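The exercises below ask you to work from the sequence and the coordinates towards a local description of the fold. Try each task before reading its solution.

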Amino acid sequence: MKAAGLVIKEEPYRTTIPRSQRGGEIVEPMISEQWFVKMDSLASAGLDAVRDGRIKIVPERFEKVYFNWLENIEDWCISRQLWWGHRIPVWYCADGHMTVTREDPTQCATCGSKEIRQDDDVLDTWFSSGLWPFSTLGWPQETPDLKYFYPTSYMETGYDIIFFWVARMIMMGLEFTDEAPFHTVYLHGLVRDEHGRKMSKTYGNVIDPLTVMDEFGTDALRFTLLVGSTPGNDMNLSVKRVEANRNFANKLWNLGRFVINAVSSVTFQASSNANQTLADLWISAKLEQLIRDVERNFQNFQYGQAGQQIYDFIWSDFADWYVEIAKEQMKNAATQKQTVELLARAFDTCLRLLHPFTPFVTEELWGHLRNTLRESSLSDLCADWSPALVASKFPEPAQLEGWEETKIAEFGLIQEIVRAIRNLRAEKNVTPSKKISAIVTGGDRLDFLREQSSAIAALAGLDESQTTMLRTLDETPNDSVALVIGSIEIYLPLAGMLDAAEERARLEKELKEVESHIERLEKLLSSDFAGKAPSALVQKERNKLAGYKDTAEKIKAQLK
């Protein structure tokens with residue numbers, strides 16, 4: 001080249017030598033013949049299947065990834081130089097003739113030579129995997145399995161292999177069966193470590209699921225992975241989160257033990273026609289609300305949100321609130337049977353809803369519940385139950401009857417009152433076992449509060465015999481701390497445990513917060529919002545303003 005004058009310049013160049021990650025050997029390029037698949041017609045069919053709606057990709061944003069890959073696709077090299085895999089079905093004779101058949105040939109199809117050898121290469125893994133939806137069912141024969149299972153409904157996989165696997169299953173299904181292999185593709189994200197890094201042996205941050213399952217249980221790991229995920233988004237996995245969900249499994253077990261003991265241990269008196277209590281109606285309404293929310297989230301592929309709602313209901317609404325009231329109701333012969341029956345029904349529904357997330361602990365608990373019910377006077381409850389939870393019917397939303405929102409709101413007021421008293425007791429370090437007296441002014445809610453006095457006293461640690469409920473109060477009781485919940489005032493005589501200066505500071509802080517809400521709402525209602533927003537929304541804000549003003553007046557009266 002120098003002699004011909006073709007060299008422009010010379011400079012030293014450091015060559016990067018590629019090495020195998022596993023063995024460290026130098027990787028050298030070698031030119032060889034490879035088998036390719038022409039992709040134009042296959043890609044076109046795959047694009048049409050998603051564009052015309054035969055196949056839906058969830059989340060929808062990954063359609064762009066799918067379209068971009070198929071619109072710019074190159075012919076596919078399917079030859080792989082590996083020791084495992086499907087051998088490429090091509091045979092060669094000594095003269096170089098190729099024979100391609102479905103069955104292993106015994107001679108060359110061109111010259112008849114019996115000295116033939118099969119191609120040494122194997123098919124690309126993704127080529128073999130792309131055939132999976134139908135090749136595993138007996139295709140090309142019209143087997144019963146193929147007729148029943150193909151096409152299927154949903155394909156669930158990671159977003160990182162949407163083009164490696166999903167697109168190839170779609171293209172091959174359309175090519176060989178003239179049908180899309182599924183109608184919906186649901187893509188989940190990748191599981192990363194707690195710091196968001198991809199798990200790698202090099203980083204040393206791989207979480208071994210077998211070790212985690214041995215320590216915290218399979219259900220805890222399943223629940224963590226399901227609840228911590230959203231469609232198409234990565235999740236950071238921490239062992240501490242798995243441990244927290246192990247605690248949820250323990251909570252569920254203890255809750256199940258309580259319900260089962262209630263069914264088996266209580267001797268029912270003669271059947272009564274007692275009306276359902278507010279707590280009974282509230283938990284029933286909340287349970288129906290949960291069923292509707294879970295169904296909606298399932299339809300929208302928000303499995304993590306559905307699992308979180310089930311978790312919140314079981315831990316808070318059912319265990320922390322209804323069970324505590326149920327303990328009191330079970331002491332009353334008039335409400336004993338209906339309470340235990342509702343406990344069993346509600347717990348059964350909870351286990352059915354939770355079963356897809358934590359199948360093992362729910363199956364075990366449900367089996368104990370079913371066996372206990374069958375041997376009790378409530379055996380009619382489980383007359384139509386399946387032998388196993390896995391084969392049982394999943395809860396379906398029921399038609400609303402119109403009373404549900406009212407009962408949820410009414411019990412919500414009870415919860416506000418109880419929380420306020422509990423918080424104050426905690427602030428003043430009042431021991432949980434100590435029963436305290438109270439004076440409650442209920443205004444127009446007095447009759448309601450008197451009906452619920454037993455529940456309030458039981459949940460808030462009040463001495464019901466020393467709890468007075470009045471419509472109004474002429475003078476503020478001395479040596480008492482006041483709580484304001486809307487138009488309701490609660491006076492707790494905590495003499496000896498209350499610092500007057502601290503109490504005044506608390507009330508002043510509360511008044512300041514209420515006045516800030518009043519100022520915000522007055523500005524909102526004096527702006528264009530009042531004229532442009534829907535009338536129902538405007539009225540809702542006006543009601544809030546009236547409530548805050550009422551609360552402010554009561555706090556000011558206490559400060560005098």
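**Exercise 1.** Does Lys523 count as buried or exposed, and what is its relative accessibility?

Before starting, note that this is a predicted model, in which local features need pLDDT of at least 70 and side-chain atom pairs count only at pLDDT 80 or more, whereas totals for chains, interfaces and linings use all residues. Residues are numbered from 1 along each chain as its sequence is written, and side-chain values use heavy atoms, with hydrogens and water left out.

*Solution.* Step one is the classification: buried means under 20% relative accessible area, exposed over 50%, and partly exposed in between, with a 1.4 Å probe and protein chains only. At 54% relative accessibility, Lys523 is therefore exposed. Step two is to look for a partner, and the side chain of Lys523 meets that of Glu519 in a salt bridge at 3.6 Å, N to O; the term stands for a side-chain nitrogen of Lys or Arg within 4 Å of a carboxyl oxygen of Asp or Glu. Glu519 has a relative accessible area of 45% and is partly exposed. Step three places the pair: Lys523 and Glu519 are four residues apart in helix α17 (residues 500-525), and so they are separated by about one helical turn. Here and below, helices (H or I, at least four residues) and strands (E, at least two) are DSSP runs, numbered from the N terminus.

**Exercise 2.** Determine how many salt bridges a search of the whole structure finds, and then analyse those of Asp124 and Arg192.

*Solution.* The search of the whole structure finds 22 salt bridges. One of them joins Asp124 to Arg80, with the closest N and O atoms 3.4 Å apart. Because Asp124 lies in the loop between β8 (122-123) and α3 (125-130) while Arg80 lies in strand β4 (residues 79-80), this pair ties together parts that are 44 residues apart in sequence. Asp124 is buried, with a relative accessible area of 5%, whereas Arg80, at 27%, is partly exposed.

Turning to the other pair, Arg192 forms a salt bridge with Asp234, and the closest N and O atoms are 2.7 Å apart. Arg192 belongs to strand β11 (residues 191-192) and Asp234 to the loop between α8 and β12 (235-236), so parts that are 42 residues apart in sequence are tied together. Arg192 is buried at a relative accessible area of 19%, and Asp234 is partly exposed at 30% relative accessibility.

**Exercise 3.** Describe how helices α8 and α9 pack, and state which residues make the contact.

*Solution.* Begin with the geometry: α8 (residues 218-227) and α9 (residues 239-265) pack at an angle of about 115°, with their axes 8 Å apart. The axes are lines fitted to C-alpha atoms, for helices over the stretch in contact, and angles run from 0 to 180 degrees between N-to-C directions. Next, list the contact, which means heavy atoms within 4.5 Å: α8 contributes Ala220, Leu221, Phe223 and Thr224, and α9 contributes Arg241, Val242, Asn245, Arg246 and Phe248.

**Exercise 4.** Asp219 is found in helix α8; which side chain of opposite charge is nearest to Asp219, and how far away is it?

*Solution.* The nearest side chain of opposite charge is that of Arg222, 4.7 Å away, and Asp219 is buried yet has no salt bridge. In this charge assignment, Lys and Arg count as positive and Asp and Glu as negative, while His and the chain ends are not counted. Once neighbours within four places in sequence are left aside, Asp219 is in contact with Phe357, Thr358, Pro359, Phe360 and Val361.

**Exercise 5.** Inspect the backbone for cis peptide bonds at Pro59 and Pro140, and for positive phi at Asp178 and Phe301.

*Solution.* Most residues other than glycine have a negative phi, and most peptide bonds are trans. Val58 and Pro59 are joined by a cis peptide bond with omega of about 0°, and Pro59 is in the loop between β2 (56-58) and α2 (62-71). A cis peptide bond with omega of about 15° joins Trp139 and Pro140; Pro140 sits in the loop between α4 (132-135) and α5 (144-149).

For phi, Asp178 has a positive value of about 65° although it is not a glycine. Asp178 lies in the loop between α6 (162-177) and β10 (184-188) and is exposed, with a relative accessible area of 67%. Phe301, also not a glycine, has a positive phi of about 65°; Phe301 is in the loop between α10 (278-299) and α11 (303-329) and, at 7% relative accessibility, counts as buried.
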